[in-house]
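Visitor: I would like to walk through this structure with you, one question at a time. Could you reason each answer out for me?

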Amino acid sequence: MAIFDFFRNRRKGAPSKCAKCGEFHDKLPAIGFTTPFYYEVLNETDKARMATLSEDFCVIEHEEQTDRFIRATLTLQVNDACEDLDYGIWVSLSEKSYDEYAAEFKNNTAGKTYFGRISNDIPEYATSTLELHVQVITKSGGLRPELVPYESDHPFILDWQNGITIAEAEKRINRCKDQSG
Ligand SMILES: [Zn+2]
């Protein structure tokens, strides 16, 4: 299974008209992690024995504890282009939050907030992004929840606060494409 998917680049036909500049140009693909890091590191036997994975949910049953994850999105603002860079990122939730989110998943309401911890290690950063604390804010209409990080001096959170350049965004997309082969 590929580590990354690109969930907005399968658009068919010509580029659509940009809402910001009125020009026709391609959208940036989003970088999506297909599984939580903690799933990826299991061997094949343990994946089959301990884990349940779908596109939006993952549960890993260790002997001493059960870990629960959902897939969400996080947006880095791109300062010198129309498009922002979206990540598809897994976060861990408490049992209570996970159960409530899962129960309401098909007709969820917008604006519910859960506490989560980032469960993917984004490769651009020397310091791991695992376990960074985030607010998980639900959206309606079957959209994945949006992550809003808590304040931190981690470089990823500083990028979320300050934005990145289009050159940096394209570098990240190309690097993930190389790894997703
Ligand atoms: Zn534009």
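Visitor: In which loop does Thr129 lie?
Guide: Happy to start there, with the reminder that this is a predicted model. Thr129 has a relative accessible area of 0%, so Thr129 is buried. Its place along the chain is the loop between S7 and strand S8 (133-137).

Visitor: Which backbone atoms lie 2.7 Å and 2.9 Å from a polar atom of the side chain of Thr129?
Guide: Good one to check in the viewer. A polar contact needs N or O atoms within 3.5 Å. At 2.7 Å from a polar atom of the Thr129 side chain there is the backbone oxygen of Asn120. At 2.9 Å from a polar atom of that side chain there is the backbone nitrogen of Ile122.

Visitor: Leaving aside neighbours within four places in sequence, which residues is Thr129 in contact with?
Guide: Asn120 and Ile122 have come up already, through their backbone atoms. With neighbours within four places in sequence left aside, the contacts of Thr129 are Ile118, Asn120, Asp121, Ile122, His154 and Phe156.

Visitor: In the loop between S7 and S8, is Glu131 buried, partly exposed or exposed?
Guide: Glu131 lies in that loop between S7 and S8. Its phi is near 75 degrees, a positive value in a residue other than glycine. Buried is under 20% and exposed over 50%. With a relative accessible area of 36%, Glu131 is partly exposed.

Visitor: Which residues does Phe156 touch, not counting those up to four places away in sequence?
Guide: Thr129 is in contact with Phe156, so you can expect to find Thr129 in the list, contact being heavy atoms within 4.5 Å. The full set touched by Phe156 is Leu74, Leu76, Tyr87, Ile89, Ile118, Ile122, Tyr125, Thr129 and Leu132.

Visitor: Which residues touch the most other members of the largest nonpolar core, and which strand gives the largest share?
Guide: That core has 42 residues, and those touching the most other members are Leu85, Tyr87, Ile89 and Phe156. The largest share, 6 residues, comes from strand S6 (residues 85-93).

Visitor: Why do the buried residues of helix H4 line one face?
Guide: In H4 (residues 155-162), the buried residues are Phe156, Ile157 and Asp159. Seen down the axis of H4, they line one face because they fall within an arc of 155 degrees.

Visitor: Which residue just after H4 takes a positive phi?
Guide: The angle to look for is about 85 degrees. The residue with this positive phi, just after H4, is Gly163.

Visitor: How wide is the arc of the buried residues of H3?
Guide: The buried residues of H3 are Ser97, Tyr98 and Tyr101. What covers them includes S4, strand S5 (66-76), S6 and S7. They line one face of H3, because seen down its axis they fall within an arc of 95 degrees.

Visitor: What is exposed on the other side of H3?
Guide: Lys96 is found in helix H3, and its relative accessible area of 68% makes Lys96 exposed. On that other side of H3, the exposed residues are Lys96 and Ala103.

Visitor: Are the rings of Phe57 and Tyr101 stacked, tilted or edge-to-face?
Guide: By the pairing rule, there are 10 aromatic pairs. In the one formed by Phe57 and Tyr101, the centres are 5.8 Å apart and the planes are at 55 degrees. An angle under 30 degrees would count as stacked and one over 60 as edge-to-face, so the Phe57 and Tyr101 pair is tilted.

Visitor: How far apart in sequence are the parts that Phe57 and Phe105 tie together?
Guide: This aromatic pair is edge-to-face, with 4.9 Å centre to centre and 80 degrees between the planes. Phe57 lies in strand S4 and Phe105 in the loop between H3 and strand S7 (113-118), so the parts they tie together are 48 residues apart.

Visitor: Which residues do ring pairs link into a cluster with Phe57?
Guide: Phe57 and Phe105 are both buried. The cluster linked by ring pairs joins Phe57 to Tyr98, Tyr101, Phe105 and Tyr114.

Visitor: How many disulfides are found, and how far is Cys58 from the nearest cysteine sulfur?
Guide: A disulfide needs two cysteine sulfur atoms within 2.5 Å, and the search of the whole structure finds 0. For Cys58, the nearest cysteine sulfur is that of Cys176, at a distance of 20 Å.

How values were computed. Residues are numbered from 1 along each chain as its sequence is written. This is a predicted model: local features need pLDDT of at least 70, side-chain atom pairs count only at pLDDT 80 or more; totals for chains, interfaces and linings use all residues. Side-chain values use heavy atoms; hydrogens and water are left out. A nonpolar core is a set of buried Ala, Val, Leu, Ile, Met, Phe, Trp, Tyr and Cys residues joined through side-chain atoms within 4.5 Å. Buried means under 20% relative accessible area, exposed over 50%, partly exposed in between (1.4 Å probe, protein chains only). Helices (H or I, at least four residues) and strands (E, at least two) are DSSP runs, numbered from the N terminus. Rings of Phe, Tyr and Trp (its six-membered ring) pair if their centres lie within 6.5 Å; planes under 30 degrees apart count as stacked, over 60 as edge-to-face and the rest as tilted. The arc is that of the directions from the helix axis to the C-beta atoms. A polar contact is a pair of N or O atoms within 3.5 Å; within protein, one must be able to donate a hydrogen and the other to accept it, and residues adjacent in sequence count only if both atoms are side-chain atoms.
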